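Grab your viewer and a coffee. Here are a few short exercises to work through, each with its solution.

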Amino acid sequence: MADLRPLRFVTLVGSLRKGSYNAAIARALPDLAPEGVTVEHLGLIGAFPHYDADLQANGFPAEVVAMGEAIAAADGVIFVTPEYNYSVPGALKNALDWISRLPSTPFAGKPVAIQTASPGMIGGARCQYHLRQVLVFLDAHVLNKPEVMVGNVTGKVDVESGTITDEATRGFLAKQLEALAAFARRS
Ligand SMILES: Cc1cc2nc3c(=O)[nH]c(=O)nc-3n(C[C@H](O)[C@H](O)[C@H](O)COP(=O)(O)O)c2cc1C
């Protein structure tokens, strides 16, 4: 019989700005998730201090510990992020650097999916492969396909109303959530 245990995914958004297209996509995911899957926002990474081993020696910041625990408790993590200068935004890389030092290694074996969105044509594709490289060291289990790279996002997402106006994009997102659910249930 098919394993249809309920799953709880969390989103990790790489943009800090209020009018973020990526954050708007992350907010739309709960409505696109298949039956039995909930999607919640993990919280903000903007409050994390810059990674500093001396700070770590005095104890992990409370927001890092809280995010690590939330990741450990989730059935999967969905990154929704812009590409900055052909790579991972600094704030997101900083958050991953902190989380990677937690003794509990919350990403180890964790099912992960990546979504990027950009006003540019290729939707942040280059960021995806840098992020995948970082996630290898964190021992995350990253879903290979389908990839989600939302190009020309300004014409596809209405941030104010929180609506993904492009039907094809809604379809791609829903398909990836379905694939992540199947991947997580096999893990
Ligand atoms: C510092 C910086 C670097 C950027 N580099 C890229 C890039 O390499 N590729 C790209 O497609 N867009 C790039 N952009 C444009 C972003 O994709 C665009 O600002 C996008 O709306 C940011 O995502 P958000 O709306 O979720 O904040 C860059 C923007 C900034 C601020």
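What follows is a set of three exercises on a predicted model.

**Exercise 1.** Work out how helix 1 and helix 6 are arranged and which residues make the contact.

*Solution.* Start with the axes: those of helix 1 (residues 21–32) and helix 6 (residues 167–186) come within 10 Å and cross at roughly 70°. Angles of 65 to 115 degrees count as roughly perpendicular, so helix 1 is roughly perpendicular to helix 6. Next, the hand: this crossing is right-handed. Now pick out the side chains. Helix 1 brings I25, L29 and L32, while helix 6 brings R170, L173, A174 and L177. Sorting the residues of this contact gives 6 nonpolar, no polar and 1 charged.

**Exercise 2.** Find what surrounds the ligand, then look for polar side-chain atoms by its oxygen and nitrogen atoms.

*Solution.* First, collect the surroundings: S15, R17, S20, Y21, N22, P82, E83, Y84, N85, Y86, S118 and P119. Then check the distances. R17 has a polar side-chain atom 2.7 Å from a ligand oxygen atom, and S20 has one 2.6 Å from a ligand oxygen atom. For E83, the partner is a nitrogen atom of the ligand, at 2.7 Å.

**Exercise 3.** Check the backbone at N85 and at the K145 to P146 peptide bond, and place N85 and P146 in the fold.

*Solution.* Take N85 to begin with: its phi is positive, about 50°, although N85 isn't a glycine. You'll find N85 in the loop between strand 3 (76–81) and helix 4 (90–100), and N85 is also one of the residues surrounding the ligand. Now go to K145: the peptide bond from there to P146 is cis, with omega near 0°. P146 sits in the loop linking strand 5 (141–142) and strand 6 (148–150).

Key. Residues are numbered from 1 along each chain as its sequence is written. This is a predicted model: local features need pLDDT of at least 70, side-chain atom pairs count only at pLDDT 80 or more; totals for chains, interfaces and linings use all residues. Side-chain values use heavy atoms; hydrogens and water are left out. Axes are lines fitted to C-alpha atoms, for helices over the stretch in contact, and angles run from 0 to 180 degrees between N-to-C directions. Helices (H or I, at least four residues) and strands (E, at least two) are DSSP runs, numbered from the N terminus. Angles under 35 degrees count as roughly parallel, over 145 as roughly antiparallel, 65 to 115 as roughly perpendicular and the rest as oblique. A crossing is left-handed if the near helix is turned anticlockwise from the far one by less than a right angle, and right-handed if clockwise. Contact means heavy atoms within 4.5 Å. Ala, Val, Leu, Ile, Met, Phe, Trp, Tyr, Cys and Pro count as nonpolar, Asp, Glu, Lys and Arg as charged, and the others, Gly among them, as polar. A residue is near a molecule or strand if one of its heavy atoms lies within 4 Å of it. A polar contact is a pair of N or O atoms within 3.5 Å; within protein, one must be able to donate a hydrogen and the other to accept it, and residues adjacent in sequence count only if both atoms are side-chain atoms.
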